[in-house]
Amino acid sequence: MSADLETILIYLQRRYNILREVCSLTEELAEAVERGDTVSASLLLDMRGEQLQRHADCEEQIMRETAFRPGIYEIWLKVH
């Protein structure tokens, strides 16, 4: 496996893990809202926002890594 492809796979795994965390936090947020627990809901919203920022940063990093590598960029577009 080429180093470029391996790098993309690492970023995709990182992105997947972040999205799983966002999903988990969203479920916890829904439960807190159902309970009327505004303190927990507020904390969970902050945590979810941090994860969404990490996701945006990861997407940007992937774009920077692939922008000038046509073959790798095409692979990225297929999985994105």
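Me: What percentage of the 80 residues of the chain count as buried?

Reply: This is a predicted model, and in it 24% of the chain's 80 residues count as buried.

Me: How many helices and how many strands does the chain have?

Reply: A good start is to list the elements and then read them in sequence order. Here the chain has 3 helices and 0 strands, and following the sequence gives the pattern α-α-α. The radius of gyration of this chain is 16 Å, which is well over the 12 Å given by the globule rule for 80 residues, so the chain is more spread out than a compact globule.

Me: What box do the C-alpha atoms of the chain fill?

Reply: Taken along the principal axes, the box that the C-alpha atoms fill is roughly 50 × 20 × 15 Å.

Me: Where is Thr26 found, and how is its exposure to be read?

Reply: One can place a residue in its element before turning to its accessible area. Thr26 is found in helix 1, and because its relative accessible area is 30%, which falls between the cut-offs of 20% for buried and 50% for exposed, Thr26 is partly exposed.

Me: How far apart are Thr26 and Met47, in sequence and in space?

Reply: The two separations are best read side by side. Thr26 and Met47 stand 21 residues apart along the sequence, while their C-alpha atoms are 9.8 Å apart in space.

Me: Which residues form a negative surface patch?

Reply: The negative surface patch is made up of Glu21, Glu27, Glu28, Glu31 and Glu34. One of these residues, Glu27, lies in helix 1, which covers residues 3-35.

Key
Residues are numbered from 1 along each chain as its sequence is written. This is a predicted model: local features need pLDDT of at least 70, side-chain atom pairs count only at pLDDT 80 or more; totals for chains, interfaces and linings use all residues. Side-chain values use heavy atoms; hydrogens and water are left out. Patches are made of residues with over 30% relative accessible area and no salt bridge: like charges are joined within 9 Å, nonpolar side chains (Val, Leu, Ile, Met, Phe, Trp, Tyr) within 5 Å. Accessible areas come from the Shrake-Rupley method with a 1.4 Å probe; for residues, only the protein chains shown count as cover. A salt bridge is a side-chain nitrogen of Lys or Arg within 4 Å of a carboxyl oxygen of Asp or Glu. Lys and Arg count as positive and Asp and Glu as negative; His and the chain ends are not counted. The place of a charge is taken as NZ of Lys, CZ of Arg, CG of Asp or CD of Glu. Helices (H or I, at least four residues) and strands (E, at least two) are DSSP runs, numbered from the N terminus. Buried means under 20% relative accessible area, exposed over 50%, partly exposed in between (1.4 Å probe, protein chains only). The radius of gyration is taken over C-alpha atoms; the globule rule is 2.2 Å times the number of residues to the power 0.38.
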